[in-house]
Amino acid sequence: MQIIKRNPREERNYERLKKKEEFKRDFTLLIAKLLKKQIDPEDTRTIQKHIGAGGGINYYVQNNYLQGTANFTNVQTIIEDNENNRYVYKGMITGANNAMGVIESNVPLRDIVASPYGNIEFLKMISEENAMKMCHEYYQKIGEPTKPLDNHSTYFGKPDFVLGTILKDDKGKFSYSSNIQQDIEEILKKDRKNKERNKLMRDEDSVELDLGGGMVVAKQDCWINPGKNISFGGINNEALYWKYMPDLPIAIENGKYYIQIGTMQIGESKSTKKDNIVQFINPYIYENVVIYTKGKKLIQYFLNNKLDGLNLTLGEIVNTYNVEKCKKDASKLNNDVELQNPIIIGGIEIDEYGEVKKCENIPDEVIQEAKSAIEKKKEKNNNIIKFDRGNR
């Protein structure tokens with residue numbers, strides 16, 4: 001791509017306007033500090049939250065003269081613990097060559113960018129100079145090459161890296177540290193192992209394009225498995241085989257929704273040989289997995305709507321990232337530690353164009369019915385009389 005350079009006159013005019021915008025930004029921050037006020041979330045000269053076209057959350061400076069490469073985009077929440085004031089986020093860092101960086105804090109991101117002190121510290125944290133330094137140091141620590149993946153020009157697809165921690169003190173001031181708590185390191189380590197595990201379990205015939213770094217474009221499919229009991233199978237968007245073995249469907253509100261609860265398998269048993277050592281790879285197995293459907297039973301979707309995008313929607317719902325996330329969310333459904341909570345991985349419905357799509361929000365009646373069904377199942381199992389022949 002050809003880069004168009006400004007002529008000397010255009011360059012002088014650009015620098016003049018940039019200095020003017022920098023002065024206005026500095027004045028905004030100064031006034032906010034003196035008056036102990038928060039920054040307007042619509043301010044274009046400071047880093048603020050923006051919603052992307054696809055609904056993603058991005059943090060960047062909107063002003064064209066002040067934008068730079070200090071951007072934190074496609075942000076995902078890893079931990080949001082209001083009780084213990086702990087927040088962990090992951091997002092793409094433009095300044096780190098589009099690698100995914102992990103940030104920890106004792107306040108939410110919205111509070112960081114709202115504070116003039118937090119806004120300044122956050123910009124320093126994700127600046128190109130600091131972000132690239134932290135990325136390289138982390139890659140060297142875990143033995144990851146600091147060059148892009150093959151056939152890539154950026155770090156997108158490489159392992160997530162630790163950017164550090166930003167803390168707010170009692171006086172409202174913010175500080176930055178390159179460290180992060182050990183459990184986050186363990187999460188990142190587990191994520192790297194799972195990506196390698198997924199790669200080994202992949203159905204290679206279903207891979208249309210290998211993008212590197214665990215990312216693929218998969219030929220997604222779904223089907224009904226033959227057998228005495230109805231079960232469902234398919235290939236998800238990770239090119240992994242999956243199998244769902246549910247109980248009979250349960251109708252909610254006279255068929256407004258149906259739920260099915262069962263065992264979910266993602267991946268297949270594989271073996272690999274490394275340094276003359278055979279290693280067995282086991283699939284992911286999840287119990288009490290719930291899929292809910294709107295208007296008709298899951299089997300009817302398979303029989304009547306397989307060619308209407310059912311394979312793509314299920315391929316999005318039945319993947320390791322989504323199921324693991326929903327497994328964590330399941331613990332919030334009730335406080336009974338003895339009761340295994342339902343893992344509600346998603347629902348499907350037909351849109352106005354006749355296409356199968358994922359339901360955006362889980363209805364309360366689905367949550368309550370799933371919990372009730374598992375409670376009844378537990379009571380039934382507890383009431384089974386066990387005969388013991390004892391000693392004679």
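This report walks through a predicted model of one protein chain, from its overall build down to a few single residues.

## The big picture

Let's start with the whole chain. Its 392 residues include 42% that count as buried, and the fold is built with nine helices and 19 strands. Measure along the principal axes and the C-alpha trace spans about 95 × 55 × 50 Å.

How do distant parts of the sequence come together? Take the contacts with a separation of 6 or more: 53% of them link residues 24 or more positions apart. As for the outside, the accessible surface comes to about 23400 Å², and carbon and sulfur atoms hold 48% of that. There are 59 positive and 57 negative side chains, with the centres of the two sets lying 2 Å apart.

## Two nonpolar cores

Now for the inside. The largest nonpolar core has 37 residues, and the ones with the most contacts inside it are F72, F122, I126, F161 and L163. Helix α4, residues 128–142, supplies the largest share of this core, with five residues. Apart from this core lies another one of 27 residues, among them Y244, Y284, I343 and V356.

What does F122 touch, if we skip its neighbours within four places in sequence? Its contacts are I47, Y59, F72, I103, L109, I112, V113 and I166. One of these, F72, is also on the list of residues with the most contacts inside the largest core.

## A run of paired strands

Let's follow the strands from β3 to β7. Strand β3 (residues 72–81) runs antiparallel to β4, and seven bridges join the two. At one end of β3 we meet F72 again, standing opposite I93 in β4. The hairpin of β3 and β4 has four residues between the strands, and there N85 takes a positive phi near 50°.

Is β4 enclosed or open? Eight of the eight residues of this strand (residues 86–93) are buried, so β4 is largely enclosed by the rest of the structure. On to the next pairing: β4 and β5 are antiparallel too, again over seven bridges. I93 turns up here as well, with A99 as its bridge partner in β5. Five residues sit between the strands in this hairpin, where N97 has a positive phi near 60°.

Strand β5 (residues 99–105) then pairs with β6, but here the strands run parallel, joined by five bridges. In this pair, S105 stands opposite I166 in β6. Strand β6 (residues 161–168) is mostly covered, with six of its eight residues buried. The strand also joins β7 (residues 174–177) through four bridges, in the antiparallel sense, and K168 stands opposite F174 in β7. Between β6 and β7 the hairpin has five residues, and G172 takes a positive phi near 85°.

## Two asparagines with positive phi

Here are two more residues to look up in the structure. N254 is not a glycine, yet its phi is positive, at about 55°. You'll find N254 in the loop between β13 (250–252) and β14 (257–266). The residue is exposed, with a relative accessible area of 86%.

N288 also has a positive phi, near 55°, without being a glycine. This one is placed in strand β17 (residues 284–294). Is N288 buried or exposed? Its relative accessibility is 9%, and buried means under 20%, so N288 counts as buried.

Notes
Residues are numbered from 1 along each chain as its sequence is written. This is a predicted model: local features need pLDDT of at least 70, side-chain atom pairs count only at pLDDT 80 or more; totals for chains, interfaces and linings use all residues. Side-chain values use heavy atoms; hydrogens and water are left out. A nonpolar core is a set of buried Ala, Val, Leu, Ile, Met, Phe, Trp, Tyr and Cys residues joined through side-chain atoms within 4.5 Å. Buried means under 20% relative accessible area, exposed over 50%, partly exposed in between (1.4 Å probe, protein chains only). Contact means heavy atoms within 4.5 Å. Accessible areas come from the Shrake-Rupley method with a 1.4 Å probe; for residues, only the protein chains shown count as cover. Lys and Arg count as positive and Asp and Glu as negative; His and the chain ends are not counted. The place of a charge is taken as NZ of Lys, CZ of Arg, CG of Asp or CD of Glu. Two strands pair if DSSP finds at least two bridges between them.
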